[in-house]
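Here's a structure you may not have met before. Take a moment to turn it around, and then let's walk through it together.

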Amino acid sequence: MQTGIAKFGAAFLLMTAALGAQDSIGAGTYKGQWSGGSGGGAIQITFRADAKGALIPEVGVTVDGQSVDCKVRSSRIDGAKFSFVSEFDNDGNTIRASVEATAKGKTLEGTFQASDSDGVVDSGTWKASAP
């Protein structure tokens with residue numbers, strides 16, 4: 001009986017470790033869609049490892065069908081949780097987007113809030129997956 005419990009315990013630990021590893025953010029490209037009050041478009045986030053092994057995001061979106069490169073000002077990855085702040089130009093107006101997400105397997109799902117100097121201009125959700 002002890003052997004059966006030990007085997008179950010070992011199998012449970014291995015399964016838990018495997019599931020935990022699936023819900024973490026890894027290097028690669030995630031592509032998907034965003035949707036907010038002002039419309040929607042495509043989103044692409046590429047994570048690259050820097051010299052110290054930290055993952056650095058590069059972000060691009062489409063707004064009104066036009067590709068927009070975002071300058072990531074800060075980012076944080078904590079296991080399956082991810083957040084960043086980026087800025088982009090929209091007709092001469094600087095938009096600052098605060099983004100949060102959670103990894104679920106190879107998919108990131110989250111929310112965003114976009115602001116300019118006058119306040120919040122849009123908010124919504126987004127979802128992107130890695131191949």
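The largest pocket has a volume of about 420 Å³, and keep in mind as you look at it that this is a predicted model. Why talk about a pocket in terms of a probe? Rolling a probe the size of a water molecule over the atoms shows where empty space is left. Here, 23 residues line the largest pocket. If you want to find its centre, look for Trp34, Val63, Phe88, Phe112 and Ala114, which are the lining residues nearest to it. Strands S2 (39–49), S3, S5, S6, S7 and S8 (119–129) are the elements that each give two or more residues to this lining. As for the chemistry, the lining has 15 nonpolar residues, along with 6 polar and 2 charged ones.

Now step back to the strands themselves. There are 8 strands closing into a barrel, and you can follow them round in the order S1-S2-S3-S4-S5-S6-S7-S8, with antiparallel pairing. Leaving direction aside, neighbouring strands of this sheet are turned by 25° against each other on average.

For a closer look at one pair, pick S6 and S7. Strand S6 covers residues 93–104 and strand S7 covers residues 107–116, and the two pair in the antiparallel sense over 9 bridges. Along this pair, threonine 102 stands opposite glutamate 109 in S7. Glutamate 109 also has a salt bridge, with lysine 104 as its partner; their closest N and O atoms are 3.9 Å apart. How accessible are these two? Glutamate 109 counts as partly exposed because its relative accessibility is 30%, and lysine 104, with a relative accessible area of 48%, is partly exposed as well.

That bridge belongs to a wider set: searching the whole structure turns up 5 salt bridges. Which residue does arginine 73 meet in a salt bridge? The partner is glutamate 87, with 3.1 Å from N to O. Arginine 73 sits in strand S4 and glutamate 87 in strand S5, so this pair ties together parts that are 14 residues apart in sequence. Glutamate 87 has another partner too, forming a salt bridge with arginine 96, where the closest N and O atoms are 2.5 Å apart.

It's worth checking how each of these residues sits relative to the surface. Glutamate 87 has a relative accessibility of 17%, and because buried means under 20%, this residue counts as buried. Arginine 73 is partly exposed at 47% relative accessibility, and arginine 96 is partly exposed with a relative accessible area of 40%. Through shared partners, salt bridges join Arg73, Glu87 and Arg96 into one network.

Finally, have a look at two loops. Most residues other than glycine have a negative phi. Aspartate 64 goes the other way: its phi is positive, near 55°. You'll find aspartate 64 in the loop between strand S3 (55–63) and strand S4 (66–78). Aspartate 91, which isn't a glycine either, has a positive phi of about 55°, and its place is the loop between strand S5 (81–90) and S6.

Are these two aspartates buried or exposed? Exposed means over 50% relative accessible area, so aspartate 64, at 69%, counts as exposed. Aspartate 91 counts as exposed too, because its relative accessibility is 78%.

Note on methods. Residues numbered from 1 in each chain as written. Predicted model: local features only at pLDDT ≥ 70, side-chain atom pairs only at ≥ 80, totals over all residues. Heavy atoms only, no water. Pairing = 2+ DSSP bridges. Helix = DSSP H or I, 4+ residues; strand = E, 2+ residues; numbered from the N terminus. Axes fitted to C-alpha atoms, helices over the stretch in contact; angles between N-to-C directions. Buried < 20%, exposed > 50% of the residue type's maximum accessible area, 1.4 Å probe, protein only. 1 Å grid on protein atoms, 1.4 Å probe; cavity = no way out; pocket = protein on both sides within 12 Å on 5 of 7 lines; lining within 4 Å. Points joined across faces, edges and corners; volume = space filled by probe spheres on them. Nonpolar A, V, L, I, M, F, W, Y, C, P; charged D, E, K, R; others polar. Salt bridge = Lys/Arg side-chain N within 4 Å of Asp/Glu carboxyl O.
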